[in-house]
Amino acid sequence: VVSFDSITTNLLTNSENIVNASGFWGVTRATVTKGVTAPDGSSNASSIIPDSSNNTHRLDAFTTTGGSGTGSGLMTTGETYTASIYAKAYGYNFMSLTLDETTNNPVSLNVVFNLSTGVIESSGASILSSTMEDVGDGWYRCSITKAFTMSTNPWSNRVLIGVMTSSTIISYAGDTSSGILCWGAQLEKSTSLTGYLPTTSASLS
């Protein structure tokens, strides 16, 4: 069930248009294809398929049209934010969520979700809380809550969605057919997860 109750503001744009061409999403060593059945029954979900590079594979949700937003993103230093996305296994069973990353390491500082078992595998010391809700048909709404500390690192002020082959392996050569499914991304200035609010080209509340 997709809930629209107790909504704050979704700061991420194009929450159901997770494709590189939208201008608010970036893809690193992966192919994104929209048109998969989403939790709400639409065809707006996307597959994230890692390429054969022996490296990390991820999707970046920018909080500003300018890219990394190290100085002008929507998150404010000292505030607490919750990032969430609906995800489903699609050959690979693990996904990492990162908020305000200071290094490109989606294990030590972030949360790793097992999309096959519905279990949170690990949570970094800087994460205040994380949740994983079964919404049916193999889909989970995954979230992390973290205080935004800001840095000049290019991964700061964005949400990273990493595709993993296990709970600890972040660099690998993809088989070019396996990955995960994603839909309904959200970033809110909140200490806890609220209802999902779909967005197009602007944030909504």
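Is Trp183 buried or exposed? With a relative accessibility of 0%, Trp183 counts as buried, because anything under 20% falls in that class. Please keep in mind as you read that this is a predicted model.

## The aromatic cluster around Trp183

Let's stay with Trp183 for a moment. A search of the whole structure turns up 5 aromatic pairs. One of them joins Tyr86 and Trp183 in a tilted arrangement, with 5.0 Å from centre to centre and 55° between the planes. Tyr86 belongs to strand β5 and Trp183 to strand β12, so this pair ties together parts that are 97 residues apart in sequence. Tyr86 has a relative accessibility of 2%, so Tyr86 counts as buried.

Trp183 has a second partner: its ring centre lies 5.1 Å from that of Tyr196, and the planes meet at 55°, so this pair is tilted. Here the link runs from strand β12, which holds Trp183, to the segment after β12, which holds Tyr196, 13 residues apart. Both Trp183 and Tyr196 are buried. Taken together, Tyr86, Trp183 and Tyr196 make up one aromatic cluster.

## The open sheet

Strands β5 and β12 also appear in an open sheet of 6 strands, whose order is β2-β3-β12-β5-β10-β9 and whose pairing is antiparallel. At the edges are β2 and β9 (129-136), each of which pairs on one side only. From one strand to the next, the twist averages 30°.

If you would like a place to start tracing the pairing, try β5 and β10: they run antiparallel and share 9 bridges. Across from Trp139 in β10 you will find Lys88.

## The nonpolar cores

Now for the interior. The largest nonpolar core contains 37 residues, and those with the most contacts inside it are Met95, Leu97, Phe113, Leu115, Ile161 and Leu187. Two or more residues come from each of β2 (30-36), β4 (58-62), β5 (80-90), β6 (94-99), β7 (111-114), β10 (139-147), β11 (158-164) and β12 (179-188). Another core lies apart from this one; it has 8 residues, including Ala45, Val135, Trp139 and Leu181.

Leu97 is a good residue to click on in your viewer. Leaving aside residues up to four places away in sequence, Leu97 touches Ala83, Ile85, Asn110, Val111, Phe113, Cys142, Ser143, Ile144, Val159, Leu160 and Ile161.

Conventions
Residues numbered from 1 in each chain as written. Predicted model: local features only at pLDDT ≥ 70, side-chain atom pairs only at ≥ 80, totals over all residues. Heavy atoms only, no water. Core = buried A, V, L, I, M, F, W, Y, C linked by side-chain atoms within 4.5 Å. Buried < 20%, exposed > 50% of the residue type's maximum accessible area, 1.4 Å probe, protein only. Helix = DSSP H or I, 4+ residues; strand = E, 2+ residues; numbered from the N terminus. Contact = heavy atoms within 4.5 Å. Phe/Tyr/Trp six-rings, centres within 6.5 Å; stacked < 30°, edge-to-face > 60°. Pairing = 2+ DSSP bridges. Axes fitted to C-alpha atoms, helices over the stretch in contact; angles between N-to-C directions.
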